[in-house]
Amino acid sequence: MWYASIRSLVQFVGMFGYLRSKSWTRLRSARSTVLCLLVLVFFSSWVCQTTQATTWIKETAWFPPVGEDEVRETFLKNCPLPLENLSKECEEAMDEHFANHPLDRTSDSTWILLPNRLTYGRAFKDPTGDRNRVFEALRERDCRLEEGEVVQWELAESCQASTFANLSVFLWACSKYDFLQNLPEYLVDISDYTDFENSDPQLYRHVLRTRNMLILEALWLRKKCAKHKVAEMQIDSLLDQEQYQILRSTAERLGDIWPEYSDVPESFVLKSLAARLGDSSAALLYDGTFARGRVDSWREYMGKVWPWKDSLGEFHDYTNPNSLDRLEKTSKRLQVGVSIAAALLESGLEFDWKFLVRRVCTLKNSEEANCKTAIEELDPTYDWEQESELQVLEEFKRVSRELNLYD
């Protein structure tokens, strides 16, 4: 778990361009902060393993819709500083952005077409109704996954998998910032990054945008949650004893997390059930369990039906335009792009070819090879049996020409 936790932290810090950079000189003023965070993550992981010895835990329930830089720029124009005095235009922009923007780790999977994408808007549409529908589903033994396989996507409709995801997000979101008084310093303390204002202004602006987006998200969530009696929406150990025990025993049986210290421990197993019952967004964002000595049927299942899922992180690392030092060559980005496209086609999923090709073929500096050269270098490495990869490579050629990115 400590490895998974550190990897998650690296991905988070990577938003600011730190650990994706291979030049450690940029970390001089932040190195001690990062090392302390790594130690803290390792220590908290050890504590979790001590208190729940059979399972390694990933504790992140859902991921906020931070968005791409161009989306942030447009959005933040309507919400200038100071954020404490939000205008009507800003509040309308917040409703538009946060209600519709997909929940995702990096927002980099939105180019893949998944039905009924999970958003805050979906989770806040009818939380009371979602709670009732979850209770209704839990009355059915099949929906508890008590017998047979613990992954049953064929039950998505009958067990109303989407309602498990909706309720999980609602409970998690409304407990996320409830106890915090100083949101800016909790989310991103800008004083930690002042050294970069002159030495790396691009990075500093990126941190500022991210900070402001996270603050706006927290303010928007507080406003939305205030419209509901959140305490009554939780699954209480006394008032909802049957459902509470079902969810707790399900978490134990599946090897999922049930964090005693959390205000909404049920949120994690609700997410797990949503994924295992076939909600596509939950399936994308759920990583499965890390139980020692346990055969992880979730990972086996996903490896068969969505072989591209584990490649998303690698694709993001190699092609993210926000990376300050994207040193990976065009040929490497192309190889990763071809691999993930072939896997998506094999899974029967549609995706945005133009987004994929732009990510691969847009050059960051004049020293990089163009897409034509990269395609010509990669083509001979595939043999005749790799028909899918060869077809994808031809599509890269066609789309890159259409986008004037071929040569």
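## Exercises on a predicted model

**Exercise 1. Is helix H13 (residues 266-276) enclosed or open to its surroundings? Work it out from its buried residues.**

Step 1. Count. In this predicted model, 11 of the 11 residues of H13 are buried, so the helix is largely enclosed by the rest of the structure.

Step 2. Check the residue types. The buried set includes Phe268, Val269 and Leu270. Glu266, Lys271 and Arg276 are buried too.

Step 3. Find the cover. It includes helices H6 (127-138), H7 (161-176), H12 (241-254), H14 (280-285) and H15 (297-305).

Step 4. Look past the end of the helix. Just after H13, Gly278 has a positive phi of about 110 degrees.

**Exercise 2. Find the largest nonpolar core and the residues with the most contacts inside it.**

Step 1. Recall the general tendency. In soluble globular proteins, nonpolar side chains tend to be buried together.

Step 2. Take the core. The largest one has 100 residues, and Tyr120, Trp308 and Phe396 have the most contacts inside it. H7 gives the largest share, 10 residues.

Step 3. Set the other core beside it. Apart from the largest core lies another of 5 residues, among them Tyr193, Phe196, Leu203 and Tyr204.

Step 4. Inspect Trp308. Beyond four places in sequence, Trp308 contacts Ile112, Leu284, Ile340, Ala343, Leu344, Ser347 and Leu349.

**Exercise 3. How many disulfides does the structure have, and what pattern do they follow?**

Step 1. Search the whole structure. There are 4 disulfides.

Step 2. Count bonded cysteines along the chain. The pattern is 1-2, 3-4, 5-6, 7-8.

Step 3. Assign handedness for Cys79 and Cys90. The S-S torsion is about 105 degrees, so this disulfide is right-handed. Cys79 sits in the loop between H3 (69-76) and H4 (88-100), while Cys90 is in H4.

Step 4. Turn to Cys143 and Cys159. Their torsion is -85 degrees, a left-handed link. Both cysteines are buried.

Step 5. Finish with Cys174 and Cys225. This link is also left-handed, at -90 degrees. Cys174 lies in H7 and Cys225 in H10 (residues 201-225), so the pair ties together parts 51 residues apart in sequence. Cys174 has a relative accessible area of 9%, and Cys225 has 8%. Buried means under 20%, so both count as buried.

**Exercise 4. Where does pLDDT stay under 50?**

Step 1. Start with the average. The chain has a mean pLDDT of 78, and 75% of the residues score at least 70.

Step 2. Locate the stretch. Residues 1-59 stay under 50.

Step 3. Compare elements. Strand E1 (residues 55-56) has the lowest mean, 32, and H6 the highest, 97.

Methods:
Residues are numbered from 1 along each chain as its sequence is written. This is a predicted model: local features need pLDDT of at least 70, side-chain atom pairs count only at pLDDT 80 or more; totals for chains, interfaces and linings use all residues. Side-chain values use heavy atoms; hydrogens and water are left out. Buried means under 20% relative accessible area, exposed over 50%, partly exposed in between (1.4 Å probe, protein chains only). Helices (H or I, at least four residues) and strands (E, at least two) are DSSP runs, numbered from the N terminus. Contact means heavy atoms within 4.5 Å. pLDDT is the predictor's confidence in each residue, from 0 to 100. A nonpolar core is a set of buried Ala, Val, Leu, Ile, Met, Phe, Trp, Tyr and Cys residues joined through side-chain atoms within 4.5 Å. A disulfide is a pair of cysteine sulfur atoms within 2.5 Å.
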